[in-house]
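Student: I would like to go through this structure with you step by step, beginning with how its helices pack. Could we look at it together?

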Amino acid sequence: MTDPSEEAAYIEKLYQYGEQLNNAKDKSQNVSDYQGIIDAAKTSVKAKQLAAQLIPRFFKFFPDLSDHALYAHLDLVEEEELGVRVQAIRGLPLFCKDTPELVGKIVDILVQILGSEEFVERDAVHKALMSLLRQDVKASLTALFKHIGSVEEPSTDDVIREKVINFVRDKVFPVKAELLKPQEEMERHITDLIKKSLEDVTGAEFRMFMDFLKSLSLFGEQAPPERMKELIGIIEGQADLDAQFSVSDADHIDRLISCLHIALPIVVRGAPSGKFLNYINKYIIPVFDQLPEERKVDLLKSLAEFSPYTTPQDSRQILPSIVQLLKKYMPWKKSGEETNFTYVECLLYTFHHLAHKVPNATNSLCGYKIVTGQPSDRLGEDFSENYKDFTERLNNIEELTRATIKKLTQGMAEHNKSMAAAKTDEAKEKIKTQKQNTTTGLRTCNNILAMTKPLHAKTPSFIGDKSINLSWKETAKTTASSATTALGAKRPATAANGANNIALKKGRGAGGFQNQLVNRALEGLSSGGRGSARGRGRGWGGRGRGRGRGY
């Protein structure tokens, strides 16, 4: 421990050095004063704290001592005494004011301390990094994103990587309007940095970065079509649409479903969806039966939501696969197999919107007689058996749907009686959920009937507008008011996989059917709409795609 009188002498000497440097007209001549300050950084605690203020203040005047001064200051950053460390951290941005080439190095140093357990030290690091970002946003961002890494330059420390991502998310992104100037140049720079980092991210990280990109003016409402193509290209790259698909690759399935959901708002704004649809048509639909149940639901819901925005060319290509799936889940006759009404709702909705764009494609698929004057009408061929088969399936699904509506309505009456008799809040909440699920089931069934009705005609009118509101979208609307999601926060997780999945046995007798309907088919309904692929914490199977894919 330093003797008090000795410490006082160090402090007095430091003040003398500082005063002489302040008063000097040509400070570069006072080399001995600055050297004295550097030497004092190895003495007492209080002297170190004062030296931590003086070393960066006069740093620019002594280029020959720059290395010596910087290393002495970095020793202070690693001091045992917290007060010394904090003072040294606060001084780091000052080194870069007149020597901008040091920005990257100082950012690297600060990043190493981001994980400090001491709040005051961590706060000093955050403020120092923000100061550097305001001094030189381009160099600072470049240095920060190096620690997030990419396939070519992977991050060597996952703990530091996570701390940097959290800092960028919590401190940098919220003040983008202040930091990213000139706006267009800096928004492009951070976009390029993010795109490079997206080569190796978790699902949660990818969603976070995409939310940020969509918030930039570069990709705003007035952005030209090529910007929307750029965004959809990023998502297509993350979905790995150039890779062969294996139904055993759960990570790829999760990534694909999540990317479909992330892509939807961009597709709504005019981005092309053909690459996604073609991949699904080529690889996923042929093995649809082998997918996990919850992924089937998610995939069909995504296809339904995409279908209003497909091009005629893509619609014609995927429509045969949709008709085949529709026939599978709208059996020709009662077979005792399960009827999944959610699948039927999704597929009918997709069918209508695709057929609306290429109506004559249904002539060969369903036996319709739609005349457009094009050779693809195929009016000279006999598809009457297809028409008979398709309308029989429509009749069968309508019969099952009406029976289900009757049972659901009876179930709702039972729920109302149970609610009146419920004693506890827990019981009431459970019944409330059952009522919401029953309401969603009724919407699903009513949608099916509304969509099958026009399909009986030889020349049907396909629905291509927004007159049908998908059942889970209705549910999402009603629950949105009760769950407010902050900007940048994770979306609330929905109920168990296979949300809104109504699957009922056909050909049952009346005995016990109603209870089975309510218990088995309805209790699994989600009041939140989407299945579990959204908001799954770390997303699809963690980092490490390792496919080296640029965007």
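Student: In which hand, left or right, does α1 pass α3 in its crossing?
Tutor: We should keep in mind throughout that this is a predicted model. Helix α1, residues 4-23, packs against α3 with the two axes 9 Å apart and at an angle of about 15 degrees. An angle under 35 degrees counts as roughly parallel, so α1 is roughly parallel to α3. The contact involves residues of α1 including Y10, I11 and L14, and residues of α3 including A47, L50 and L54, and the crossing of α1 past α3 is left-handed.

Student: How many of the ten residues of helix α5 are buried?
Tutor: Helix α5 spans residues 82-91 and is mostly covered. Its buried residues are V84, R85, V86, Q87, A88, I89 and G91, and what covers them includes α3, α4, α6 and α7. Of the ten residues in α5, the number buried is therefore seven, where buried means under 20% relative accessible area.

Student: Does E79 count as buried or exposed, and why?
Tutor: E79 is placed in the loop between α4 and α5. Leaving out residues up to four places away in sequence, E79 touches K48, V84 and R85, and V84 and R85 are among the buried residues of α5. Because its relative accessibility is 19%, E79 counts as buried.

Student: Which residues does P460 contact, apart from its neighbours within four places in sequence?
Tutor: P460 belongs to the loop between α21 (425-452) and α22 (471-480), and because its relative accessibility is 10%, P460 counts as buried. Its C-alpha atom is 9.9 Å from that of H356, although 104 residues separate P460 and H356 along the chain. Once the neighbours within four places are set aside, the contacts of P460 are Y368, I370, P454 and L455.

Student: What is the distance in space between R161 and K146, C-alpha to C-alpha?
Tutor: R161 sits in helix α9, which covers residues 158-172, and with a relative accessibility of 3% it counts as buried, because buried means under 20%. Along the sequence R161 and K146 are 15 residues apart, and in space their C-alpha atoms are separated by 9.1 Å.

Student: Which members of the largest nonpolar core touch the most other members?
Tutor: In soluble globular proteins, nonpolar side chains tend to be buried together. Here the largest nonpolar core holds 156 residues, and F276 can serve as an example, since beyond four places in sequence F276 is in contact with residues including I232, I235, A239, L256 and C259. The members that touch the most others are Y34, I37, I55, M210, F276 and F351.

Student: What percentage of the contacts with a separation of 6 or more comes from residues 24 or more positions apart?
Tutor: The protein chain has 23 helices and two strands, and 52% of its 551 residues count as buried. Among the contacts with a separation of 6 or more, the share from residues 24 or more positions apart is 73%.

Student: What is the average pLDDT of the protein chain, and over which residues does it fall below 50?
Tutor: The chain averages a pLDDT of 86, with 85% of the residues scoring at least 70. Over one stretch the pLDDT is below 50, although the model has 37 contacts there beyond near neighbours in sequence. Another stretch under 50 has 31 contacts beyond four places in sequence. The average is thus 86, and the stretches include residues 478-500 and residues 543-551.

How values were computed. Residues are numbered from 1 along each chain as its sequence is written. This is a predicted model: local features need pLDDT of at least 70, side-chain atom pairs count only at pLDDT 80 or more; totals for chains, interfaces and linings use all residues. Side-chain values use heavy atoms; hydrogens and water are left out. Buried means under 20% relative accessible area, exposed over 50%, partly exposed in between (1.4 Å probe, protein chains only). Helices (H or I, at least four residues) and strands (E, at least two) are DSSP runs, numbered from the N terminus. Contact means heavy atoms within 4.5 Å. pLDDT is the predictor's confidence in each residue, from 0 to 100. A nonpolar core is a set of buried Ala, Val, Leu, Ile, Met, Phe, Trp, Tyr and Cys residues joined through side-chain atoms within 4.5 Å. Axes are lines fitted to C-alpha atoms, for helices over the stretch in contact, and angles run from 0 to 180 degrees between N-to-C directions. Angles under 35 degrees count as roughly parallel, over 145 as roughly antiparallel, 65 to 115 as roughly perpendicular and the rest as oblique. A crossing is left-handed if the near helix is turned anticlockwise from the far one by less than a right angle, and right-handed if clockwise.
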